[in-house]
Amino acid sequence: MPQSTAKPLGEFDFIRRYLAAKQPADPDLLLGIGDDAAIVRPRPGYDLCFSSDMLLAGRHFFPEVPPADLAHKILAVNISDMAAMGARPRWVMLSAALPALDPAWLQAFSGSLFAMLRQYGITLIGGDTTKGDLAFNVAITGELPAGQALRRSGAQNGDDIWVSGQIGLAAAALHHIWQKIRLPENLFAECEAARLRPTPRVALGQALLPLATAAQDISDGLAQDLGHILRASGTGAELFADHVPTAPGLRQCLPDQSLHELTLAGGDDYELVFTTPPQERPAVLAAAASSRTPIARIGRINGSGYLKILRANGSELHLSHLGFDHFG
């Protein structure tokens, strides 16, 4: 069998070929990939938001995940942080540890990565690469009108609690893979698509800037992430478990307790949970319609200082855990 004479792909070849792709012009980017640091010039009258997420193979994703799905997800989870602040995502830096440089894998990964960047108007401005166990770190920067960021700390007694999208699908897919539950094939495919390719709610976050008193994206579990809002705001809440939107198929094939564990504590949803004054309900529904995002009202803020989860019959629901803990 003839030996290949092709030169092995090196680190800088990888960067030039797969990460230095031509991107749309960005008037606020003064210096991008190719120097020791990137330079951006913030627009007058805007605040910048910064966030970073590390994702490890075997902890945050399966090592054998298709590269196109992986690229989508590592960006989506970071873009979701910007959505929760009401910010427009602008720039990302990507650092990657890769066990090998496989051109076919890299082509699929980078193709999906830049498609996602184009979809949300984001520019890749730098990062780092090294050989090692598969891992990624994405640092993202967004912008929003000065002083208008959505925070966790503004929820007020009497506020409505809302959530976007459908909750619990990603967790259901994982539990099916782990053989803790069994889903019909078509329902598993629906849930797996939600797990692999979540939709960051950027347009909704921006539409909520004049309306929401607090917001948070749902990464570690609805109950746990709502708890962050309650602690930051010094409030409590009643949450109506049966009002949490999910896939109809999950309601049909799972016992209530199993369904509630997935929707309230499953995590990996990357939807938004947010609070607004009751008088803003028409405006909130209009914001959801304008951003083409389904939302549901699932509870209300109170002064109790803790989260009470209620069943449809009014009895209190107790969960075995509230969400994901990296060190749990």
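Where does glutamine 179 lie? Its place is the loop between helix 4 and helix 5. We'll come back to that residue after a look at the whole chain. Keep in mind that this is a predicted model.

## The overall picture

The protein chain is built from 10 helices and 12 strands. Its radius of gyration comes out at 21 Å, close to the 20 Å the globule rule gives for 328 residues, so the chain is as compact as a globular protein of that length. If you'd rather think in box dimensions, the C-alpha trace spans about 70 × 55 × 35 Å along its principal axes.

How much of the chain is tucked away? Of the 328 residues, 50% count as buried. The contacts reach a long way along the sequence, too: take those between residues at least 6 apart, and 85% of them join residues at least 24 apart.

## Surface and charge

The protein chain exposes about 15,800 Å², and carbon and sulfur atoms supply 54% of that area. On the charge side, there are 27 positive and 33 negative side chains. The centres of those two sets lie 3 Å apart.

## Helix 9 and its neighbours

Helix 9 runs over residues 256–265 and is mostly covered, with seven of its 10 residues buried. Which ones are they? The buried residues are Leu259, His260, Glu261, Leu262, Thr263, Leu264 and Ala265. So the list holds a histidine and a glutamate alongside the leucines, the threonine and the alanine.

What do these buried residues pack against? Three helices are on the list: helix 4 (169–177), helix 7 (222–233) and helix 8 (248–253). Strand 9 (236–240) and strand 12 (307–310) are the other partners. Just after helix 9, glycine 267 takes a positive phi of about 80°.

## Cysteines without partners

If you're setting up bonds for this model, the disulfide tally is short: the structure holds zero. Cysteine 191 is in no disulfide, and the nearest cysteine sulfur, that of cysteine 253, is 8.0 Å away. A disulfide would need the two sulfur atoms within 2.5 Å.

Is cysteine 191 buried or exposed? Cysteine 191 counts as buried because its relative accessible area is 0%. Cysteine 49 is buried as well, at 8% relative accessibility.

## Two loop residues with positive phi

Most residues other than glycine have a negative phi. Back to glutamine 179, then: it has a positive phi of about 65° although it is not a glycine. This loop residue counts as exposed because its relative accessibility is 69%, and the cut-off for exposed is over 50%.

Arginine 292 also has a positive phi, of about 55°, and is not a glycine either. Where does arginine 292 sit? Its place is the loop between helix 10 (281–290) and strand 11 (295–302). With a relative accessibility of 79%, arginine 292 counts as exposed.

## A residue in helix 5

Alanine 189 lies in helix 5, which covers residues 185–196. Is alanine 189 buried, partly exposed or exposed? It counts as partly exposed because its relative accessibility is 44%, which falls between the 20% and 50% cut-offs.

How far apart are alanine 189 and aspartate 133? In sequence the two are separated by 56 residues, and in space by 29 Å, C-alpha to C-alpha.

Key: Residues numbered from 1 in each chain as written. Heavy atoms only, no water. Buried < 20%, exposed > 50% of the residue type's maximum accessible area, 1.4 Å probe, protein only. Helix = DSSP H or I, 4+ residues; strand = E, 2+ residues; numbered from the N terminus. Contact = heavy atoms within 4.5 Å. Rg over C-alpha atoms; globule rule 2.2 N^0.38 Å. Areas by Shrake-Rupley, 256 points an atom, 1.4 Å probe, with all protein chains shown as cover. Lys, Arg positive; Asp, Glu negative; His and termini not counted. Charge placed at Lys NZ, Arg CZ, Asp CG, Glu CD.
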